Amino acid sequence: MTSIFIKNALIVTPKQDQIKIYEPGYIEIDGDKISGIGSGSASMSADLVIDAAGGIVLPGLIDSHIHTPESLLRGLAQDVPEKDWMHKTLGPIIRNMTESDWIIGAKLCVLEALKSGTTTFCDYAYNMDKILEEVHKPSGVRANVCTTINEFGEGKRNSEELYEFDSSAGEKKFKDGVKLVKDWHGKLDGRITCLYGPQAADMMSSELLLKVKEKAIEDGVSIHMHVAQGNRERKQMEGRYGKSTIEYLKSIDFIDSNLIAVHCHDASDEELQVLARSGGRMVGCPGSIGLIDGVVPPLHSFIQAGGVASLGSDQGPPDGSNMFTQMRYAAILNKVRHRDPTVLKAEEIFKMVTIDAARCHGLDKTIGSIEVGKKADLIILRPEVPNLTPILSGTVKNIIPNLVYNATGNEVSDIIINGQVIMQDRVVKTMNEKQIVAEAQKTAEQLMANSYMDLKEVNSPFLD
Ligand SMILES: [Zn+2]
């Protein structure tokens with residue numbers, strides 16, 4: 001018997017590069033997969049029948065780049081010059097984070113993102129094995145993760161000077177990456193997938209970077225990496241190699257279709273073309289990069305160059321983990337960047353958190369749209385709220401622009417991931433919301449007390 005049957009829904013999903021609307025429509029779920037979808041008011045017996053009348057069903061949203069543990073540092077990394085951003089804000093606090101702080105930060109972030117419709121987390125952090133075990137596995141979310149690889153030792157760094165590399169620290173982090181892929185890739189019925197996460201071209205030697213590339217090819221997984229992420233990186237790259245990041249990566253033959261390049265706001269249009277033509281994919285994080293760097297990720301330019309782009313929330317600090325917010329930022333900021341309201345239309349933006357995000361991460365055979373044979377990752381929104389009214393889906397349609405420009409994420413009522421009901425009537429069944437919020441508050445207070453001297457040393461703007 002069908003496990004879940006959703007009826008009377010207004011279904012909105014990408015289908016062969018178009019957006020398809022079923023109204024009313026129905027969805028059948030068998031186990032972890034979608035076994036039927038169609039128009040009409042069909043009825044069927046199932047273990048669980050969800051009457052979605054008045055609701056909108058979308059594919060689960062994909063956050064293509066997120067650092068879940070750092071949500072504990074919310075509100076503590078903005079309004080400072082870009083050169084001070086890591087050095088005076090996050091750095092002194094992250095240095096004091098314990099493994100358990102890392103976990104509670106990840107739980108808080110996943111809870112926030114889930115409640116606004118994110119079902120797939122392309123998570124990027126140290127201690128990823130523990131985060132998988134203690135957060136992604138029990139919460140029931142889909143995760144496509146990597147552990148951070150760089151060649152940094154324990155010492156403090158100043159972005160004004162060339163970073164010192166520590167090859168033994170780099171080797172250890174590389175081995176952690178290899179172990180993560182070996183232990184977790186494809187696990188939990190395919191709910192967990194892994195990639196390699198070299199942090200950035202300025203944070204490791206060419207030898208280590210190429211070693212990661214070779215291992216990723218051997219393991220058949222992609223590389224998720226920050227690329228051309230602004231002045232701090234440019235200064236390092238020019239100082240060490242006399243090249244921009246893209247010039248350097250091209251010169252060592254690193255750029256190919258296995259690369260998922262995050263940010264790219266310091267790449268020229270010609271460099272974006274190099275990336276796009278080689279089959280590289282791009283993730284833009286408009287909220288975070290707007291706040292940290294005061295610039296706009298070049299999403300439209302990359303798509304114009306023929307590339308596939310998607311969106312990430314990046315870090316809880318400075319911005320929240322909510323893909324509805326990111327969709328809005330991506331659209332408006334790119335229109336402003338190009339002084340052209342026609343760039344990045346709502347349909348394109350919607351695909352950047354669904355099917356194009358899945359393409360970016362090589363998961364488009366599995367997720368990113370509601371289609372027979374794909375995994376059952378769905379969200380249901382209740383749009384009968386002032387900010388989404390009216391919903392028009394007849395001959396005059398406003399539904400996609402309305403979702404992209406007006407939804408807050410609080411309208412998401414129910415979530416199904418891998419055929420399991422994870423949230424029902426805004427209650428996350430797999431996480432204890434009250435406990436996580438209280439624990440995060442307490443943990444953050446202690447962490448700030450522990451970080452006080454380090455923040456004082458760098459004259460942090462967040463001290464009294
Ligand atoms: Zn990042």
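1. In this predicted model, four strands form an open sheet: the 4 strands follow the order β11-β12-β13-β14, and their pairing is parallel. As general background, the strands of a sheet pair through backbone hydrogen bonds, in either a parallel or an antiparallel manner.

2. The edges of this sheet are formed by β11 (223-227) and β14 (309-311). Each has a single partner strand, so one side of each is left without a neighbour in the sheet. On average, neighbouring strands of the sheet are turned by 30° against each other, direction ignored.

3. The pairing at one of these edges can be described further. Strand β13 (residues 281-284) pairs with β14 in the parallel sense over 3 bridges. Gly-284 has Leu-311, in β14, as its bridge partner.

4. A separate point concerns Asn-144, which is located in strand β8 (residues 142-149). Is Asn-144 buried or exposed? Asn-144 counts as buried because 31 C-beta neighbours lie inside 10 Å, and the cut-off for a buried residue is 20 or more.

5. The surroundings of Asn-144 include residues from other parts of the chain. Leaving aside residues up to four places away in sequence, Asn-144 touches Thr-120, Cys-122, Thr-193, Leu-195, His-361 and Leu-363. The C-alpha atoms of Asn-144 and His-65 are separated by 9.6 Å, although these two residues are 79 residues apart along the chain.

6. The final point concerns helix α1 (residues 85-94), whose buried residues are Trp-85, Thr-89, Leu-90, Gly-91, Pro-92 and Ile-93. Among the elements that cover the buried residues of α1 are α9 (286-293) and α15 (433-457).

Note on methods. Residues numbered from 1 in each chain as written. Predicted model: local features only at pLDDT ≥ 70, side-chain atom pairs only at ≥ 80, totals over all residues. Buried ≥ 20, exposed ≤ 12 C-beta atoms within 10 Å, placed from the backbone. Helix = DSSP H or I, 4+ residues; strand = E, 2+ residues; numbered from the N terminus. Contact = placed C-beta atoms within 7 Å. Pairing = 2+ DSSP bridges. Axes fitted to C-alpha atoms, helices over the stretch in contact; angles between N-to-C directions.
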